[in-house]
Amino acid sequence: MFDNRLSTAELLIQGCVRALHRGSPRAELFLRRRPPSRLLTRSGSRKSRSQEDEWRTKNKTVLTYITAAGVGMIGLSYAAVPLYRLYCQATGLGGAAVAGHDADQVETMKPVKERIIKVSFNADTHASIQWNFRPQQTEIYVVPGETALAFYRAKNPTDKPIIGISTYNVVPFDAGQYFNKIQCFCFEEQRLNPHEEVDMPVFFYIDPEFDDDPRMARVDTITLSYTFFEAKEGQNLPLPGYD
C-alpha cells in the first residue's frame, strides 16, 4: 500500500512538471498560491520585532538629546542672572548705574556748571529682611562732571545677626549709563549684629557726556533707589532696573 501511495505522488509530481512545461493555468495558479499562514506569521513577527528595536533606539537617542538640552537650559538659567547683571553694570542697561570708573577721567573731567541735576534717594526693604533702611538725605544737587557723596543708614532691630544684600536702579533708565558709582555697597553682603546700626556711603558722579545726549535734554531729576534683601543660599536678586 505504501508503494501505491509513493507511485501516486510520483505521478502527481510528474504531472506538475509537464504542466509547467506546457504553461498550464492550473500550474500557474498553484505557483501563485500564498505560502502557509505560519510562514507569514513568523516573517511578520520578525519585521515587527525589528521595527520595535529600531523605534526603541530612536526613542533613546531623542531622550538623550532632550535631557542634554534640559541640563543646558538649567545651567544657562543659573548663569543668566549674574552675567546679565554684569552686563547691565558695564553698559547702564535697564537703569543700572555703571560700575567702576576711570581714575584719569575723574581727575580730568570738566563739570558742566550750567546743567544742574537733582538726585533723589530712595530706600526699600524686601519682606524677607527685618531691617530699618533709609537714606540720610532725600536729595542733593549736582552737575555733570562733579563727584558727590551720599549716605544710607541701615539698622538691625532684632536680637539675631542678619546678613543683607542690596540691588539698585536708576530712574530714568536711560540715565543709568551716565551714572557712575566710585564706591557703593550694592551686591555685597552686609552683616549687622543685633541692634547694630551702620552708615553706608555712595560716592558717585554723572558723566559730562550726559549733557551731550539729546535724550537727556529734558531730564533734570535722577532717582537712585536701593532695596535690601536677606542674603540666603540660592536666592536670585532681581535684575537692576526691573521689578
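The following exercises examine the fold, one sheet, one residue and the core of a predicted model.

Residues are numbered from 1 along each chain as its sequence is written, and side-chain values use heavy atoms, with hydrogens and water left out. In this predicted model, local features need pLDDT of at least 70 and side-chain atom pairs count only at pLDDT 80 or more, whereas totals for chains, interfaces and linings use all residues.

**Exercise 1. State how many helices and strands the protein chain has, and give their order.**

Solution. Helices (H or I, at least four residues) and strands (E, at least two) are DSSP runs, numbered from the N terminus. The protein chain has four helices and 10 strands. Read from the N terminus, the order is α-α-α-β-α-β-β-β-β-β-β-β-β-β.

**Exercise 2. Describe the open sheet of five strands and identify the strands at its edges.**

Solution. Two strands pair if DSSP finds at least two bridges between them. The strand order is β4-β2-β10-β6-β8, and the pairing is mixed. The edges are formed by β4 and β8 (190-192); each has a single partner strand, so one side of each lacks a neighbour in the sheet. At the β8 edge, three bridges pair β6 with β8 in the antiparallel sense. Within the pairing, Ile163 is placed opposite Arg191 in β8.

**Exercise 3. Determine which strands pair with β9, and which residues stand opposite Tyr205.**

Solution. First, β5 and β9 run antiparallel and are joined by nine bridges. Second, strand β7 (residues 179-183) pairs with β9 over four bridges, also in the antiparallel sense. Tyr205 in β9 has Thr147 opposite, and Asn180 likewise stands opposite Tyr205.

**Exercise 4. Decide whether Ser120 is buried or exposed, and list the residues that Ser120 touches.**

Solution. Buried means under 20% relative accessible area, exposed over 50%, and partly exposed in between (1.4 Å probe, protein chains only). Ser120, which lies in strand β2, has 15% relative accessibility and therefore counts as buried. Contact means heavy atoms within 4.5 Å. Not counting residues up to four places away in sequence, Ser120 touches Thr138, Glu139, Thr221, Ile222, Thr223 and Leu224.

**Exercise 5. Identify the residues of the largest nonpolar core that touch the most other members.**

Solution. A nonpolar core is a set of buried Ala, Val, Leu, Ile, Met, Phe, Trp, Tyr and Cys residues joined through side-chain atoms within 4.5 Å. Of its 35 residues, Tyr152, Phe204, Ile206, Phe210, Ile222 and Tyr226 touch the most other members. Elements giving two or more residues to this core include β2 (117-125), β5 (147-155) and β9 (197-206).
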